[in-house]
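Me: I would like to learn how to read a structural model feature by feature. Could you take me through one, giving the general idea before the particular case?

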Amino acid sequence: MTSFTESEERLELRRQVAKLAGKFGREWFTEKARAGEKTTELWLEIGKAGYLGINIAEEYGGGGGGIGDIAAVCEELSAQGCPLLLMVVSPAICGTIIGRYGTPEQKRRWLPGLCDGTGTMAFAITEPDAGTNSHNITTTARRDGDDWILTGQKVYISGVDEADNVLVVARAEDARTGKLKPCLFVVPTNAPGFEFSPIPMEIVSPELQFQVFIDDVRLPADALVGDEDGGLVQLFAGLNPERIMAASFSTGLARFALDRAAAYAKERTVFKAPIGSHQGIAHPLAQSHIEIELARLMTQKAAALCDAGDDIGAGEAANMAKYAAAEAACDAADRAVQTHGGNGITQEYGMAGLLVATRAGRIAPVSREMILNYVAMHSLGLPKSY
Ligand SMILES: Cc1cc2nc3c(=O)[nH]c(=O)nc-3n(C[C@H](O)[C@H](O)[C@H](O)COP(=O)(O)OP(=O)(O)OC[C@H]3O[C@@H](n4cnc5c(N)ncnc54)[C@H](O)[C@@H]3O)c2cc1C
């Protein structure tokens, strides 16, 4: 192994996950989505195999690995056509934050369920009026005796219907300064006053996005993750894993699109030879292969820095990886559709659905513009533009 290749252990993990996901496959995934059904079977199977909590400490039911491992799992699932968005959220964001900052009791209560898939957790920060500007969120938490009362609204929250709890970012008043500071709360999805409704999306996926209404939801004191003053640091701890996972989700989907396109280009003959013999078809696919490999390399670098505890170095790499992966995935999906000709927009071949799925990667969890803002400011030292 060199520092530019993954360990044999990581490669074997990839092979095993690919094998498991391959038993399910894209057609199964798409049928579930179109029937309004869930992928719980796959979720529980990867949980049982130990892949879902591979980044979580062994004493809480996890595999004791890092973000590089869970990102590999996420990428291989996507590459088999079974992208699971909740992997970004439940084990990677929530698992990292609770694993690092939760009290021992909170870790015992929540982490085992994240690992075996029986206690999935969604993550809610985005609000309709704040959008990208998360400093403007208005969901508030106020004390009532020992309890907390939460009120507010969230939007585009993935997988609330499949989750037992949601890690909600709210703002609480600082007793000393009177200013509002971010705090993270674990809110049960069946709590009185917590309601959610699906947002009709064009993405073909069993995992849905929701509007969430939080109306005076009463929570016990220990629903607050870690301590009251640590919210911002906790939130930042979730950002690198979130971006690395989003990048892996995208590179996996890109690989899936490219595999299907290359296979089709070898088979389909219109003039005298397979369409893949024309450079007009071959070159864009070759270009995608290069772009995907570059994005994967940056994703692996980001994960390695993150797992080595270099949060600042990982921040730049994770943003760049997420950017590159989303771009590579959008282009790969578009080229895969083009390679398939008319078949590219049939449900039977399932390529067109990838256009929206990959496109979402340019918007969420952080938009390409905000990554460009980050790089302009942090990497190039340009003035802040917003
Ligand atoms: C499929 C999907 C799943 C999601 N899941 C979750 C989830 O589980 N939990 C959660 O909390 N959120 C989730 N989100 C929300 C997601 O994080 C937001 O959509 C994203 O952060 C963008 O916010 P917005 O949609 O409000 O866009 P806006 O903030 O309204 O931005 C609109 C456009 O303006 C651009 N823009 C805004 N400000 C600037 C600026 N300063 N400079 C340049 N351009 C700018 C943006 O880049 C974007 O292109 C999800 C979204 C999607 C699409």
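Reply: What follows is a conversation about the ligand site, the aromatic pairs, the backbone and some distances in this structure, which is a predicted model.

Me: Let me begin with the ligand. Which residues come nearest to the ligand?

Reply: The idea is to list the residues with a heavy atom within 4 Å of the molecule. Here there are 19 residues around the ligand, and Thr 126, Thr 132, Tyr 156, Ser 367 and Glu 369 come nearest.

Me: How do the residues of that shell divide into nonpolar, polar and charged?

Reply: The shell around the ligand holds eleven nonpolar residues, seven polar ones and one that is charged.

Me: Which helices and strands each supply at least two residues of the shell?

Reply: Strand S1, which covers 121–124, strand S3, which covers 147–158, and helix H10, which covers 368–379, each supply at least two residues of the shell around the ligand.

Me: Where are the polar contacts of the ligand, and how much of its area does the protein bury?

Reply: For contacts of this kind one looks for pairs of N or O atoms within 3.5 Å. An oxygen atom of the ligand is 2.5 Å from a side-chain N or O atom of Thr 132, and an oxygen atom of the ligand is 2.9 Å from a polar backbone atom of Ile 125. In Pro 365 a backbone N or O atom lies 3.2 Å from an oxygen atom of the ligand. As for area, the ligand exposes 980 Å² when taken alone, and the protein buries 68% of that.

Me: Pro 365 makes me think of the backbone. What is the peptide bond from Ala 364 to Pro 365, cis or trans?

Reply: As a general point, most peptide bonds are trans, and most residues other than glycine have a negative phi. In this model the bond from Ala 364 to Pro 365 is cis, with omega near -5°, and Pro 365 lies in the loop between H9 and H10.

Me: Which residues have a positive phi although they are not glycine?

Reply: Tyr 156, which belongs to strand S3, has a positive phi of about 60°. Asp 216, placed in strand S7 (residues 209–219), has a positive phi of about 50°. With buried meaning under 20% relative accessible area and exposed meaning over 50%, Tyr 156 is partly exposed because its value is 48%, and Asp 216 is partly exposed because its value is 42%.

Me: Now the rings. How many aromatic pairs does a search of the whole structure find?

Reply: Rings are paired by the distance between their centres, and planes over 60 degrees apart count as edge-to-face. The search of the whole structure finds five aromatic pairs. Tyr 264 and Tyr 349 form an edge-to-face pair, with 5.7 Å from centre to centre and 85° between the planes.

Me: Why does that pair tie together parts that are 85 residues apart in sequence?

Reply: Tyr 264 lies in helix H6 (residues 231–267), while Tyr 349 lies in the loop between helix H8 (311–339) and helix H9 (352–359), so the pair joins parts that are 85 residues apart in sequence. Of the two partners, Tyr 264 counts as buried, at 11% relative accessibility, whereas Tyr 349 counts as partly exposed, at 28%.

Me: What other ring features should I look at, such as a cluster or a residue over a ring face?

Reply: Phe 194, Phe 196 and Phe 210 are linked into a cluster by ring pairs. Elsewhere, Arg 109 lies over the face of Trp 110, at 4.5 Å from the ring centre.

Me: Finally, how far apart in space are Met 87 and Glu 242, and Ala 295 and Ala 262?

Reply: Separation along the chain and separation in space are two readings to set side by side. Met 87, in helix H4 (residues 86–101), is buried with a relative accessible area of 0%; Met 87 and Glu 242 are 155 residues apart in sequence and 9.6 Å apart in space, C-alpha to C-alpha. Ala 295, in helix H7 (residues 279–307), is buried with a relative accessible area of 1%, and Ala 295 and Ala 262 are 33 residues apart in sequence and 19 Å apart in space, C-alpha to C-alpha.

Note on methods
Residues are numbered from 1 along each chain as its sequence is written. This is a predicted model: local features need pLDDT of at least 70, side-chain atom pairs count only at pLDDT 80 or more; totals for chains, interfaces and linings use all residues. Side-chain values use heavy atoms; hydrogens and water are left out. A polar contact is a pair of N or O atoms within 3.5 Å; within protein, one must be able to donate a hydrogen and the other to accept it, and residues adjacent in sequence count only if both atoms are side-chain atoms. Accessible areas come from the Shrake-Rupley method with a 1.4 Å probe; for residues, only the protein chains shown count as cover. Helices (H or I, at least four residues) and strands (E, at least two) are DSSP runs, numbered from the N terminus. Ala, Val, Leu, Ile, Met, Phe, Trp, Tyr, Cys and Pro count as nonpolar, Asp, Glu, Lys and Arg as charged, and the others, Gly among them, as polar. Rings of Phe, Tyr and Trp (its six-membered ring) pair if their centres lie within 6.5 Å; planes under 30 degrees apart count as stacked, over 60 as edge-to-face and the rest as tilted. Buried means under 20% relative accessible area, exposed over 50%, partly exposed in between (1.4 Å probe, protein chains only). A charge sits over a ring if NZ of Lys or CZ of Arg is within 6 Å of the ring centre and within 35 degrees of the ring normal.
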